[in-house]
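Take a look at the model below. This report covers one sheet and one helix.

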Amino acid sequence: MAPLLCIENLTKRYKHAGHPVLNGLSFSVNSGEIYGFLGPNGAGKSTTVKILSGLISYDQGNISIMGKNLTDHRKELNKHIGIVPQDIALFPTLTATENLKIFGGIYGIENRILNKRIAYLLNLFGLEDHKNKKVDYYSGGMKRRINLIVGILHEPNLLLLDEPTVGIDVQSKNVIIENLQLLNSYGTTILYTSHNMEEAQQFCTKVGIIDEGKIIAEGTPDELIGKTADCDNLELVYLKLTGKKLRD
Amino acid sequence: MRVLLTLLYKDFLLLIRDKAGLILLFVMPMALVLIMTSMQDGVMSADKNTDISLLVLNEDCDSIGNTMEKELKESDVFSTHLAKNIGKEMTEQKIKDLVAKGKYLVGIYIPQNTTKKFTDNFTNELRDSFTGKNNDSSVSDSIFIKVFIDPTVKPSVQATLKSNINEFCMKIQNKYSLAIISRTLEKFSGNRIQNLNLTDCQGLTIEEYNVGKNNTKNLCPNAVQHNVPAWTLFAIFFIVISLSGNIIKEREDGSFNRIMTMPCTFAHYLLSKVLLYLFVCILQFLVILGMGMWFFPLINLDPFVIQGSFYGLLFVIIFAAFAAIGFGTAISAIATSQQQASVFGAVSVVILAAIGGIWVPTFAMPNFLKILSNISPLNWALDASYSVILRKSSVIDVLPECFYLLSFGIICFSIAIFYKNLKYR
């Protein structure tokens with residue numbers, strides 16, 4: 001079976017930067033997987049997500065999603081990709097419902113279907129009672145949940161999650177992870193970046209560790225733990241592979 | 001189409017939730033039009049009652065003095081007070097002091113025997129002309145009607161006052177000169193001659209015509225005709241603060257990037273901004289226009305009248321709005337923060353407005369500023385507006401200015417796209 005996402009020899013060098021941030025990055029994500037894309041700060045995770053989102057260009061390499069070249073079919077593929085950025089990307093002066101109607105409308109979802117999905121997702125993420133409140137007045141956890149709903153509103157085939165649970169309480173984190181697993185069970189493939197190794201170990205079906213712009217280890221969490229000596233969890237594997245030296 | 005409509009809905013919601021922005025877009029220009037028009041109304045309209053307080057002391061108490069008192073009293077230009085009605089004993093020095101203290105803007109002192117001296121002088125001069133004699137001894141002293149003006153009055157207003165008072169004096173002098181000539185002619189001819197009255201004859205009369213289409217720089221609009229289009233254009237260009245602020249806010253809160261990851265192009269995004277702010281600009285124009293047409297007459301200001309076509313003016317406004325929206329978009333692309341955009345936007349618009357003739361019409365500017373005004377898009381738009389309002393120009397006549405505005409807008413949008421692509425790399 002062809003992978004849903006395939007990245008080959010991806011290279012990216014920022015202007016005025018000494019080293020390339022992506023240096024021949026190659027990995028693939030199969031349909032239905034939850035791929036944990038892990039790495040220290042500056043390793044190239046966010047750059048990869050930005051390239052996949054279409055926010056920045058890349059210098060060399062090839063990216064295909066659902067068997068189609070991303071550069072050639074950007075407009076078409078955007079409809080099948082859901083993005084949940086690390087920072088909250090919403091209109092703070094608008095209500096949750098207004099935000100969702102706007103983002104859903106841009107995805108071209110028919111009004112009748114959109115209204116149903118908004119009601120379903122707000123209920124699923126425990127935001128039904130706050131749907132007419134301005135996002136500005138939401139707590140951090142509520143904002144994260146709305147931020148996630150925007151990314152899954154159009155039922156994407158591939159969901160890019162850039163640290164979706166950073167800075168929120170355990171309850172909100174639990175709701176997000178549970179619902180992402182539910183979404184995955186319906187067939188959505190997830191590319192997930194995080195610094196939370198415990199969460200990645202529990203949540204991901206496959207993990208790729210990136211450092212200095214290329215994948216240095218890949219496999220299921222159990223495989224990686226099993227083949228790394230003296231390590232009984234993903235965090236120790238990660239530290240052994242990437243070192244304890246500060247990166248920023 | 002669905003994407004564009006959704007973006008329009010989003011921009012509309014963001015705009016109406018921004019109360020401070022709405023005040024800036026609508027209330028501020030309305031207040032500016034009202035204040036500036038009221039302030040400039042007296043200065044720019046020669047035929048308006050400017051309420052210049054004037055005190056007259058008539059010590060002549062004869063024909064010339066009395067006529068002068070009467071004419072000044074009936075004048076629309078001055079609010080005339082007669083010294084004899086004040087109740088205190090007035091002298092030349094007292095009048096001078098009252099004007100110096102600012103109690104009156106102008107004081108006029110008509111000395112004793114003005115009528116007698118004028119009659120004697122003129123009669124003798126006339127008799128000498130008829131008889132061919134030159135009798136210097138028969139001429140009495142010169143007559144001085146003294147005019148005192150408050151030193152705080154601006155030189156331009158002083159000049160207007162002097163001109164008005166001179167006109168009064170000449171009128172009265174002519175009237176009495178003609179009466180003396182009539183009497184002298186009667187004496188020489190032996191026939192009964194009625195007093196000559198030039199006011200009834202077909203003398204030299206100045207007829208003014210406002211000629212349209214050409215020579216834009218010599219047009220002198222009144223306060224209403226100047227301020228309504230001028231401050232409408234200022235308001236239109238002031239949207240750069242709201243527009244650039246909104247764009248940068250979306251960039252800062254990440255929603256712009258999120259939209260760009262969706263099936264939406266930058267062209268969609270810009271088009272939505274253009275359409276919404278074009279609507280805002282047209283609404284600003286209609287509100288200020290309505291104010292000029294219907295509210296101004298209620299507060300004793302001239303009504304705003306468009307000599308040419310309303311659609312011609314609307315055409316100019318649409319192009320001015322396009323230029324303003326482009327300018328705001330370019331500022332938002334270059335600026336790195338909302339503060340930077342609002343400061344740069346406000347200062348640049350104020351400078352462009354100042355040199356563009358929004359505050360002071362370009363015809364009243366020094367030459368070098370007149371030349372400099374040609375680089376301001378506000379000046380192109382204002383010139384085109386004047387053409388429609390005062391010169392009955394058609395849409396075709398204002399096409400050159402509209403072309404400049406369109407080009408300015410296109411250049412600004414190109415800058416915004418260039419900067420966006422730069423960030424994409």
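In what order do the four strands of the open sheet in chain B lie? The order is E2-E1-E3-E4, and the pairing is mixed. This comes from a predicted model.

**The sheet in chain B**

Strand E2 (78–82) and strand E4 (146–149) of chain B form the edges, each pairing on one side only. Direction ignored, neighbouring strands are turned by 20° against each other on average. Strand E1 (residues 52–58) and strand E3 (residues 106–110) of chain B run parallel and are joined by five bridges. Asn58(B) stands opposite Ile110(B) in E3(B). In general, strands of a sheet pair through backbone hydrogen bonds, either parallel or antiparallel.

Two helices of chain B lie across strands of this sheet:

| Helix (chain B) | Strands crossed (chain B) | Angle |
|---|---|---|
| H3 (residues 63–74) | E1, E2 and E3 | about 165° to E1(B) |
| H5 (residues 92–100) | E1, E3 and E4 | about 170° to E3(B) |

**Helix H9 in chain A**

Which residues of helix H9 (residues 234–242) of chain A are buried? They are Leu234(A), Val237(A) and Tyr238(A). These residues lie on the same side of H9(A), because they cover an arc of only 100° around the axis. An α-helix has 3.6 residues a turn, so residues three or four places apart point the same way.

The buried residues of H9(A) pack against four elements of chain A: strand E3 (34–38), helix H7 (197–203), strand E9 (206–211) and helix H8 (221–227). Gly243(A) follows H9(A). The phi of Gly243(A) is positive, near 85°.

Key. Residues are numbered from 1 along each chain as its sequence is written. Chains are lettered from A and ligands numbered from 1 in the order in which they are written. This is a predicted model: local features need pLDDT of at least 70, side-chain atom pairs count only at pLDDT 80 or more; totals for chains, interfaces and linings use all residues. A residue is buried if 20 or more other C-beta atoms lie within 10 Å of its own, exposed if 12 or fewer, and partly exposed in between; C-beta atoms are placed from the backbone. Helices (H or I, at least four residues) and strands (E, at least two) are DSSP runs, numbered from the N terminus. The arc is that of the directions from the helix axis to the C-beta atoms. Two residues are in contact if their C-beta atoms, placed from the backbone, lie within 7 Å. Two strands pair if DSSP finds at least two bridges between them. Axes are lines fitted to C-alpha atoms, for helices over the stretch in contact, and angles run from 0 to 180 degrees between N-to-C directions.
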